[in-house]
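Hi everyone, thanks for coming. I'd like to walk you through one structure today, starting with its cysteines and then moving on to some strands. Let me put it up on the screen.

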Amino acid sequence: MSLTIIPFEPRYAGNFKALNIAWLERYFYVEPKDEILLENCKASIIDTGGYIFFARYNGEIAGCFSLIKLMDKQYELGKMAVDPQFQGLKIGQQLLEFAIAFAKENNWAKLLLYSNTKLDSALHIYRKYGFREVVLEKDLPYARSDIKMEMEIN
């Protein structure tokens, strides 16, 4: 498998949006917060101190994720999606491993994520990599979120 994980470049903004909209429409629906983050991901994620990475598999963009800055040394892992034609190749797990390693390299304190309990496979993988469930606050960024998980980094 020829998989590389590459940082955001403006030419991939359309891939980021398309991958995420396809995932959202498959499992849920596109919410207002999604629209803000996806419509101009450079302004809403990169320019506010966050990061976006892509999985390139045999030359094609196969998946993505973002690290959205919440506060100093705390980031939300979000907008992770893998193109259905590339699912089953453990690309999502490789993206997750990369995100955790990136957080460690940058001496972050915590990664957190919001998910949904109907996504059994995703929750299993998050737990496998050390995320633990924490109390879900009242003012959630997404209506679909019914679970919050976090990982202490350092």
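Let's go to C64 first: its sulfur is 9.0 Å from the closest cysteine sulfur, which belongs to C41, and that is too far for a bond. Please keep in mind that this is a predicted model. If the word is new to you, a disulfide is a covalent bond between the sulfur atoms of two cysteines. To be counted here, the two sulfur atoms must lie within 2.5 Å, so at 9.0 Å C41 and C64 do not qualify. How many disulfides does a search of the whole structure find? Zero.

Are these two cysteines buried or exposed? C64 is buried, with a relative accessible area of 0%. C41 counts as buried too, at 2% relative accessibility.

Now for the strands. Please find β2, residues 51-57. Five of its seven residues are buried, so β2 is largely enclosed by the rest of the structure.

Which strands does β2 pair with? One is β1, residues 3-7, which pairs with β2 in the antiparallel sense over five bridges. Another is β3, residues 60-71, joined to β2 by seven bridges and also running antiparallel.

F53 in β2 is a nice residue to follow across these pairings. Opposite F53 stands P7, and in β3 the bridge partner of F53 is F65.

Finally, look at the hairpin that β2 and β3 form, with two residues between the strands. There, N58 takes a positive phi near 50°.

That's my tour, and I'm happy to take questions!

Key. Residues are numbered from 1 along each chain as its sequence is written. This is a predicted model: local features need pLDDT of at least 70, side-chain atom pairs count only at pLDDT 80 or more; totals for chains, interfaces and linings use all residues. Side-chain values use heavy atoms; hydrogens and water are left out. Buried means under 20% relative accessible area, exposed over 50%, partly exposed in between (1.4 Å probe, protein chains only). Helices (H or I, at least four residues) and strands (E, at least two) are DSSP runs, numbered from the N terminus. Two strands pair if DSSP finds at least two bridges between them.
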